[in-house]
Amino acid sequence: MQRGLLLLAVLGGGSLMALVLFFLWASSGQYGSERYAELVSLDEFPVLESQAEITVVSYNIGYLSGLTNNQAITRTQQLYDDNLATAIAALQEVQPDILALQEVDIDARRSFEINQVATIGQTLSYPQQAIAINWDKRYVPFPFWPPAAHFGAVVSGQAVLSHFPITAHKRLVLEKVESNPFYYNALYLDRLAQVAEMTIGDRTLIVINIHLEAFDTATRGNQTAFVRQLAETYAQEHPVLLLGDFNSALNRPEEGTYTIPQMVESAVFSSVVPVSDFTNAEQLTFPSDTPAYKLDYIFYTPETLELLDVQVLTSAEQASDHLPLMAQFRLR
């Protein structure tokens, strides 16, 4: 009897140790933290020194999984190839000088190990590519079931691609959801504010690319307050664009306390889409097949930037579960 209990204890202890070792391995990174904020220059493409008008696009590409994002299904590489072609065609129509991407994979099993930043940057001839890694895990067990649908190894993040020279680049990690279990946060992505400083003529333009918390309203509110203060500080000296996926929509009741009004209340920034149009059908960005919510925004400093045009790029179709948002500016 005692030997049987001892054997069970040993086996149980061994299983627990194996689980702990697997967790430590799965939650560790493989990309190298020294590359988490990286600036890539491609000499084969010309750099623009200056330009009167600037076209900017913010696009959560959902790692090009289309409407299948986060679903527990098996995807084919053809799906990603087709979505990449659709996204690139839509971007080529407007030829953005600055392209801010969220949820873009660098090297991930879920998207067939394709470096989506490099592919998009090369195809659209961007000489300057700022990359901020927010998810670097050896094994992500999500979606939870079946195991065959697990993301597995993931290297993903945000990127700012530019035809103008990027002179500085920062990656700021935002507040995590404190109520999440430690093992959840250990395997989950970081929410970032990616700051790219670029030179246009004799001016410095600050582009802050963000992807805020999706599921916890309080944390998203704190993150919104932080990025607003960050942007307003930069705006004391430079024109600033604050853009990305804010994960807040005024007509989404399950959100509870809406967080996007914190940005609307800023005396320094304006939205390229008037607040009165935040629920206008033509300005909605999610989901891409039947848009019902506006989650994607571009805020700018009207004292230093003149807004010329804005539109949601419906030609991107369902390459992502989000639609891209485009705006054109002139430096004042």
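User: What volume does the largest pocket have in this model?

Analyst: In this structure, which is a predicted model, the largest pocket has a volume of about 740 Å³. Of the 31 residues that line this pocket, Asn70, Phe142, Tyr188, Arg191 and Phe215 are the closest to its centre. As for secondary structure, the elements that contribute two or more residues to the lining are β4 (128–140), β5 (152–162) and α4 (182–187).

User: How do the residues of the lining of the largest pocket divide into nonpolar, polar and charged?

Analyst: For the largest pocket, the lining divides into 16 nonpolar, 9 polar and 6 charged residues. When reading such a division, one should keep in mind that Tyr and Trp count as nonpolar here, whereas Gly counts as polar.

User: Which residues line the second largest pocket, and what is its volume?

Analyst: The second largest pocket has a volume of about 170 Å³, and its lining is formed by Ile73, Thr74, Arg75, Arg109, Arg110, Phe112, Ala148, Ala149, His150 and Phe151. These lining residues divide into 5 nonpolar, 2 polar and 3 charged.

User: Turning to the backbone, which residues does a cis peptide bond join, and what is omega there?

Analyst: A cis peptide bond is read from the omega angle, and one such bond joins Trp145 and Pro146, with omega at about 0°; Pro146 itself is placed in the loop between β4 and β5. A cis peptide bond also joins Phe286 and Pro287, where omega is about -10°, and Pro287 belongs to the loop between β10 (270–271) and β11 (296–300).

User: Where does Leu64 lie, and what is its phi?

Analyst: Leu64 is not a glycine, yet its phi is positive, at about 60°, and the residue lies in the loop between β2 (53–60) and α2 (77–94).

User: Does Leu64 count as buried or exposed, and why?

Analyst: The general idea is to compare the relative accessible area with a cut-off, and buried means under 20%. Leu64 has a relative accessibility of 2%, and therefore counts as buried.

User: How should Glu113 be read, and what is its phi?

Analyst: Glu113 likewise has a positive phi although it is not a glycine, the angle being about 55°, and this residue is found in the loop between β3 (98–105) and α3 (116–123). For its accessibility, the relevant range is the one between the buried limit of 20% and the exposed limit of 50%; because its relative accessible area is 48%, Glu113 is partly exposed.

Terms used:
Residues numbered from 1 in each chain as written. Predicted model: local features only at pLDDT ≥ 70, side-chain atom pairs only at ≥ 80, totals over all residues. Heavy atoms only, no water. 1 Å grid on protein atoms, 1.4 Å probe; cavity = no way out; pocket = protein on both sides within 12 Å on 5 of 7 lines; lining within 4 Å. Points joined across faces, edges and corners; volume = space filled by probe spheres on them. Helix = DSSP H or I, 4+ residues; strand = E, 2+ residues; numbered from the N terminus. Buried < 20%, exposed > 50% of the residue type's maximum accessible area, 1.4 Å probe, protein only.
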